[in-house]
Amino acid sequence: MGVKSSQSGAGGPLAVSKAELQRLLSEQSFLRNYNFRVRSIASGECVITVPFQHSFERPGGIVSGLVFMGAADVAMWFAIKTLLGLDDGCVTAEMKTSFLSSARQQDFHCRARVLKLGKRLVYGVAECSDADRRLLTHHTLTYIRPGDEAIAQH
């Protein structure tokens with residue numbers, strides 16, 4: 001499925017490289033402890049790997065929902081950057097999460113796709129799955145694009 005956009009250039013060359021996104025992960029202190037790894041990128045898409053850490057476990061031995069939500073948010077943020085570049089200032093406006101299955105002491109992947117790149121809002125989805133491709137979570141996300149009146153309205 002292609003990205004619907006009010007801008008030309010969507011679906012074209014990437015506005016950022018995989019290496020640049022990985023560097024962003026290591027430079028941002030709020031992300032460093034997750035040890036996320038950029039697995040792949042395409043226009044309007046990003047897949048990150050989330051290596052298991054014991055600090056992710058909640059009581060009962062399952063991976064905390066916060067980790068899945070963080071992975072979905074970062075994967076979508078990066079999917080947007082593939083279209084708009086590193087300097088883009090989009091921020092999360094809304095996220096809805098469905099927890100479908102649990103993960104126990106295992107790595108997982110999160111794939112995010114931009115569905116619509118609008119003038120003020122960006123809509124997308126993210127899904128986390130394990131190595132067997134078992135769906136763990138499904139997320140819908142809305143980001144707000146800074147500038148003009150968009151920030152003043154929110």
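Which residues does Thr82 touch, not counting residues up to four places away in sequence? The legends below take up this question in a predicted model, after a view of the whole chain.

**Figure 1. Overview of the predicted model, whose protein contains 4 helices and 7 strands.** Read along the sequence, these elements follow the pattern β-α-α-β-β-α-β-β-β-β-α. The protein has 154 residues, and 38% of them count as buried. Among the contacts between residues at least 6 apart in sequence, 63% join residues that are at least 24 apart.

**Figure 2. Close-up of Thr82, a residue of helix H3, which spans residues 65–84.** Thr82 has a relative accessible area of 1%, and because this value is under 20%, the residue counts as buried. Not counting residues up to four places away in sequence, Thr82 touches Pro13, Leu14, Ala15, Val16 and Leu21, and likewise Ile41, Ala42, Ser43, Gly44 and Glu45. With one of these residues there is also an approach between polar atoms, in which the side chain of Thr82 reaches the backbone oxygen of Ala42 at 3.3 Å.

**Figure 3. Close-up of the hairpin of S2 and S3, where several of the residues touched by Thr82, including Ile41 and Gly44, are found.** Strand S2 covers residues 37–42 and strand S3 covers residues 45–50, and the two run antiparallel, joined by 5 bridges. One of the paired positions is Ile41, whose bridge partner in S3 is Cys46. The hairpin has 2 residues between its strands, and Gly44 takes a positive phi near 75° there.

**Figure 4. Close-up of the pairing of strand S5 with S3 and with S6.** Strand S3 is joined to S5 by 6 bridges, and these two strands run antiparallel. Within this pairing, Val47 has Arg111 of S5 as its bridge partner. Strand S5 also pairs with S6, again in the antiparallel sense, over 8 bridges, and a hairpin joins S5 to S6 through 3 residues. Arg111 takes part in this second pairing as well, standing opposite Glu127 in S6.

**Figure 5. Close-up of the largest pocket, which has a volume of about 270 Å³.** The pocket is lined by 13 residues, and those that lie nearest its centre are His109, Arg111, Glu127, Ser129 and Arg133. Arg111 and Glu127, which stand opposite each other in the strand pairing, are thus met again in this lining. Strand S5, residues 108–117, and strand S6, residues 121–129, each supply at least two residues of the lining, and the largest share, 4 residues, comes from S6. Sorted by class, the lining of this pocket holds 5 nonpolar, 2 polar and 6 charged residues.

**Figure 6. Close-up of Arg133, which lies in the loop between S6 and strand S7, the latter formed by residues 135–144.** Is Arg133 buried or exposed? Its relative accessibility is 75%, and because this value is over 50%, Arg133 counts as exposed. The phi of Arg133 is near 65°, a positive value in a residue other than glycine. Although Arg133 and Phe108 are 25 residues apart along the chain, their C-alpha atoms are separated by 9.0 Å.

**Figure 7. Close-up of the second largest pocket, which has a volume of about 170 Å³.** Its lining is made up of Phe30, Leu31, Tyr34, Phe36, Gly70, Asp73, Val74, Trp77, Cys90, Val91, Thr92 and Tyr143. The elements that give two or more residues to this lining are helix H2, residues 29–32, helix H3, and strand S4, residues 91–99. Helix H3, the helix that also holds Thr82, gives the most to the lining, with 4 residues. By class, the lining has 9 nonpolar, 2 polar and 1 charged residues.

**Figure 8. Close-up of Asn35, which lies in the loop between H2 and S2.** The phi of Asn35 is near 60°, which is a positive value in a residue other than glycine. With a relative accessible area of 32%, Asn35 is partly exposed, because this value falls between the limits of 20% for buried and 50% for exposed.

Note on methods:
Residues are numbered from 1 along each chain as its sequence is written. This is a predicted model: local features need pLDDT of at least 70, side-chain atom pairs count only at pLDDT 80 or more; totals for chains, interfaces and linings use all residues. Side-chain values use heavy atoms; hydrogens and water are left out. Two strands pair if DSSP finds at least two bridges between them. Buried means under 20% relative accessible area, exposed over 50%, partly exposed in between (1.4 Å probe, protein chains only). A polar contact is a pair of N or O atoms within 3.5 Å; within protein, one must be able to donate a hydrogen and the other to accept it, and residues adjacent in sequence count only if both atoms are side-chain atoms. Contact means heavy atoms within 4.5 Å. On a 1 Å grid over the protein atoms alone, a cavity is a set of points where a 1.4 Å probe fits but cannot get out, and a pocket is an open set with protein on both sides within 12 Å along at least five of seven lines; lining residues have an atom within 4 Å of a point. Grid points are joined across faces, edges and corners, and a volume is the space filled by probe spheres set on the points. Ala, Val, Leu, Ile, Met, Phe, Trp, Tyr, Cys and Pro count as nonpolar, Asp, Glu, Lys and Arg as charged, and the others, Gly among them, as polar.
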